[in-house]
Amino acid sequence: MKKYYICCDMEGIAGVSSFKEMEIQPAAVSKMMTAEVNALCDAINRNSRGETSRDVDILVADSHSTGMNIVHSELCENARLIRGFPRAYYMAPGMDPSFDAFFVAGHHARAGTPEAGMDHTFSGSAIFSVELNGREVGEFEINAGLAGHYKVPVAYVSGDDKFIEQVSVYKEQLGFETVVTKHAIARYSSVHRHPKRVFADINAAVEKTLEEKKWAGKFMAFEYPLKARITLTNTVKTDMAALIPVLKRTGGREISFEAPDFPYFYNMFCAITLICWNDK
Ligand SMILES: [Zn+2]
């Protein structure tokens, strides 16, 4: 039995340019996200040699916003779906050492990346930037870091060109394949190819990554304890986050803390984001 984990966000999937689209045509956007996850599941099934789809277990985390985007009834049959919110380990709940590989789909560049589609880190209204052990990180590093804690390698990453450019610094070290789903020209504007072309690229990338397994034995590793520095979008957010006793206010908009390991950091970061989501 092979076990794969897919963490799918919305901003980096093919065909979507702006958060506004998700407001004005949520059903269409959900359909696009479902189709792209299915293209990935089908590619995994097709390229899992020696196994039938019955021998492949795929856990999909619907990781955009409140996790209620993917149309469950249309999802590939051997995929189990995590829906709903709030939840621990927000974008990758249930991650554990039993998974053979981690597929990061539909992701976007970190907060502050120029001309990148819908750039943000967890919450555009709460989080300005995140540093781990002195390195600026985004959702990719945060999710890959959680998987890395359990020694689960990243096999595949997809999103817009600016995001893929951003994560390419890890390509050699981690051995994953990438798919560019669209070309961002501004925060809320992208050039799109037909989804069929994108899905063909997804299949080719999955075929390569499952055949070559360049990621075998490689993980996103962070030195422990993790030193986290989070800059919030304004001072009132920091007033609220600083209520958590173990957090130190280290600037007007900045809080810092030390995490013994990645799961601790992950949920603390979720809690900070939730507290600071709304400043009313
Ligand atoms: Zn996101």
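The following questions and answers cover a zinc site, two helix contacts and several loop and strand residues of this structure.

This is a predicted model, in which local features need pLDDT of at least 70 and side-chain atom pairs count only at pLDDT 80 or more, while totals for chains, interfaces and linings use all residues. Residues are numbered from 1 along each chain as its sequence is written, and side-chain values use heavy atoms, with hydrogens and water left out.

Colleague: Which residues are the protein donors of the zinc ion?

Modeller: Donors are N, O and S atoms within 2.8 Å of the metal (3.2 Å for Na, K and Ca), and sites may look incomplete because water is not among the atoms. The donor atoms here lie 2.0 to 2.7 Å from the zinc ion. In sequence, the donor residues follow the spacing D-x98-H-x30-E. They are Asp9 (OD), His108 (NE2) and, listed twice, Glu139 (OE).

Colleague: What is the geometry of the site of the zinc ion, judged by its donor atoms?

Modeller: Four donors count as tetrahedral if all angles lie between 85 and 135 degrees; four count as square planar and six as octahedral if opposite donors are over 155 degrees apart and all others between 65 and 115; anything else is irregular. The angles among the four donor atoms run from 51 to 141°. The site is therefore irregular.

Colleague: How many residues apart are Asp9 and Glu139?

Modeller: Helices (H or I, at least four residues) and strands (E, at least two) are DSSP runs, numbered from the N terminus. Asp9 sits in the loop between β1 (2-8) and α1 (19-24), and Glu139 is in helix α3. The pair thus links distant parts of the chain, and the separation is 130 residues.

Colleague: Are Asp9 and Glu139 buried or exposed?

Modeller: Buried means under 20% relative accessible area, exposed over 50%, and partly exposed in between (1.4 Å probe, protein chains only). Asp9 has 2% relative accessibility, so it counts as buried. Glu139 is also at 2%, so its class is buried.

Colleague: How many residues of helix α3 are buried?

Modeller: Helix α3 spans residues 139-149 and is mostly covered. Among its buried residues are Phe140, Ile142 and Leu146. The count, out of 11 residues, is 10.

Colleague: At what angle do the axes of α3 and helix α8 cross?

Modeller: Axes are lines fitted to C-alpha atoms, for helices over the stretch in contact, and angles run from 0 to 180 degrees between N-to-C directions. Contact means heavy atoms within 4.5 Å, and residues of α3 including Ile142, Leu146 and His149 meet residues of α8 including Phe262, Tyr266 and Phe269. By class, with Ala, Val, Leu, Ile, Met, Phe, Trp, Tyr, Cys and Pro nonpolar, Asp, Glu, Lys and Arg charged, and the others, Gly among them, polar, this contact has seven nonpolar, three polar and one charged residues. The axes of α3 and α8 (residues 262-276) come within 9 Å and cross at roughly 145°.

Colleague: What is the handedness of the crossing of α2 and α6?

Modeller: A crossing is left-handed if the near helix is turned anticlockwise from the far one by less than a right angle, and right-handed if clockwise. The axes of α2 (residues 26-46) and α6 (residues 195-212) come within 9 Å and cross at roughly 35°. The contact has nine nonpolar, one polar and two charged residues. The crossing is right-handed.

Colleague: Which residue does a cis peptide bond join to Phe85?

Modeller: Most residues other than glycine have a negative phi, and most peptide bonds are trans. A second cis bond runs from Tyr224 to Pro225, with omega near -5°. For the bond asked about, omega is about 0°, and the partner of Phe85 is Pro86.

Colleague: What is the phi of Tyr89?

Modeller: Tyr89 lies in the loop between β3 and β4. With a relative accessible area of 24%, Tyr89 is partly exposed. Tyr89 is not a glycine, yet its phi is positive, about 50°.

Colleague: How far apart are the C-alpha atoms of Ala228 and Ala259?

Modeller: Ala228 lies in strand β11 (residues 226-232) and, at 3% relative accessibility, counts as buried. Leaving aside neighbours within four places in sequence, its contacts include Leu132, Phe257 and Phe265. Ala228 and Ala259 are 31 residues apart along the chain, and their C-alpha atoms are separated by 7.4 Å.
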